[in-house]
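Here is a short report for a reader meeting this structure for the first time. Look at the sequence and the 3D view, then read on.

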Amino acid sequence: MKFPNFNSLMRMLQAKHGAKLKNYVVQQGIRLIEIDGCPIDFRFHMHKNSKNRWSVVGIGAKKAGRGSVTTHIKNGGSLMTPEQALSRAFGSKSREVLERAKEASIAMSEAIENHHPHLLGEIGFDIGIDDNERIWMFEANSKPGRSIFSHPSLRVEGRSSVEHIFDHSMYLSGFHRGNDS
Ligand SMILES: Nc1ncnc2c1ncn2[C@@H]1O[C@H](COP(=O)(O)OP(=O)(O)O)[C@@H](O)[C@H]1O
Ligand SMILES: [Mg+2]
């Protein structure tokens, strides 16, 4: 359903639920960039490194299956590299858009960590980009899956992800590796 403003949405909900309406979750629908009419979103796989800093270790682009709102692979979605997905939408500007999204992911990781009482070493962000190059974060997963690393072009990043777990564990335990990067 589409509504021109918040009040008309509330009128519909109150007419339908009346006084019973207490809790209801509504999200603004984001018009994601599309390829062949299917929305694209991105998984940014974040790790803390040996210097206790956040870094973007792997990025997978996910294309929704036809007629599906979400990009989950089990609903017919498919996996691409971010370069493949962004060049279709933004051409020569795609590198710049990707860099901005990486910076945003690091800022969001720091913000979440600073407001979270427990240790965090890894985050999987579900990120969308719209036609106006605006970046939206849908979900932050603290125990992210590793399915993006099965893409042939993301194997190296998959290995780096495992290395980051070791490196950051070494940092936490007070040991240091000689050649950290
Ligand atoms: N408000 C929204 N507007 C547009 N697309 C959305 C919105 N919320 C979620 N999505 C799409 O659906 C996907 C799955 O949503 P998400 O919040 O990550 O739930 P899940 O727990 O199922 O992974 C997102 O990655 C995004 O592509
Ligand atoms: Mg998700």
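## A first tour

N141 sits in strand β6. This is a predicted model. N141 is buried, because its relative accessible area is 19% and the cut-off for buried is under 20%. Beyond its neighbours within four places in sequence, N141 touches R43, E122, I123, G124 and D126. One of these partners, D126, returns below at the magnesium ion.

## The chain as a whole

The protein chain holds 4 helices and 6 strands. Read from the N terminus, its elements follow the order α-β-β-β-β-α-α-β-β-α. The C-alpha trace spans about 65 × 40 × 30 Å along its principal axes. The protein chain has 181 residues, and 38% of them count as buried. Take the contacts between residues at least 6 apart in sequence. Of these, 55% join residues at least 24 apart.

## The magnesium site

Which residues coordinate the magnesium ion (ligand 2)? They are D126, through OD, and E139, through OE. The coordination distances are 2.0 to 2.1 Å. D126 belongs to strand β5 (residues 122-129) and E139 to strand β6 (residues 135-141), so the pair ties together parts that are 13 residues apart in sequence.

Is D126 buried or exposed? D126 is buried, at a relative accessible area of 8%. E139 is partly exposed, with a value of 40%.

## Strand β2 and H45

H45 lies in strand β2. Its relative accessible area is 0%, so H45 is buried. Leaving out neighbours within four places in sequence, H45 has a list of contacts that includes S55, V56, V57 and G58. E122 and I123 are also among them. So are P144, G145, R146, I148, F149 and S161. E122 and I123 also appear among the contacts of N141.

H45 can also be placed relative to K102. The two residues are 57 apart along the chain, and their C-alpha atoms are separated by 10 Å.

## Two packed helices

A pair of packed helices is described by the angle between their axes and the distance between the axes. Helix α2 covers residues 82-90, and helix α3 covers residues 94-114. They pack at an angle of about 120°, and their axes are 9 Å apart. The two helices are therefore oblique to each other. Their crossing is right-handed.

Which residues make this contact? From α2 come P82, E83, L86, S87 and F90. From α3 come S94, V97 and L98. By class, the contact residues of α2 and α3 are 5 nonpolar, 2 polar and 1 charged.

## Helix α4

Helix α4 runs over residues 155-173 and contains S169. D167 is also placed in helix α4. The burial of each residue can be stated in turn. D167 counts as buried, at 12% relative accessibility. S169 is partly exposed, with a relative accessible area of 37%.

Each of these residues has a reference point elsewhere in the chain. D167 and L98 are 69 residues apart along the chain, with 26 Å between their C-alpha atoms. L98 is one of the α3 residues in the contact with α2. S169 and I33 are 136 residues apart in sequence, and 37 Å apart in space from C-alpha to C-alpha.

## Two loop residues with positive phi

D36 has a phi near 50°, a positive value in a residue other than glycine. N52 is not a glycine either, and its phi is positive at about 65°. Where do they lie? D36 is in the loop between β1 (34-35) and β2 (38-48). N52 is in the loop between β2 and β3 (54-63). D36 is partly exposed, with 46% relative accessibility. N52 also counts as partly exposed, at 28%.

## Accessibility at a glance

The table gathers values for residues met above.

| Residue | Relative accessible area | Class |
|---|---|---|
| H45 | 0% | buried |
| D126 | 8% | buried |
| D167 | 12% | buried |
| N141 | 19% | buried |
| N52 | 28% | partly exposed |
| S169 | 37% | partly exposed |
| E139 | 40% | partly exposed |
| D36 | 46% | partly exposed |

Note on methods. Residues are numbered from 1 along each chain as its sequence is written. Chains are lettered from A and ligands numbered from 1 in the order in which they are written. This is a predicted model: local features need pLDDT of at least 70, side-chain atom pairs count only at pLDDT 80 or more; totals for chains, interfaces and linings use all residues. Side-chain values use heavy atoms; hydrogens and water are left out. Axes are lines fitted to C-alpha atoms, for helices over the stretch in contact, and angles run from 0 to 180 degrees between N-to-C directions. Angles under 35 degrees count as roughly parallel, over 145 as roughly antiparallel, 65 to 115 as roughly perpendicular and the rest as oblique. A crossing is left-handed if the near helix is turned anticlockwise from the far one by less than a right angle, and right-handed if clockwise. Contact means heavy atoms within 4.5 Å. Ala, Val, Leu, Ile, Met, Phe, Trp, Tyr, Cys and Pro count as nonpolar, Asp, Glu, Lys and Arg as charged, and the others, Gly among them, as polar. Donors are N, O and S atoms within 2.8 Å of the metal (3.2 Å for Na, K and Ca); water is not among the atoms, so sites may look incomplete. Buried means under 20% relative accessible area, exposed over 50%, partly exposed in between (1.4 Å probe, protein chains only).
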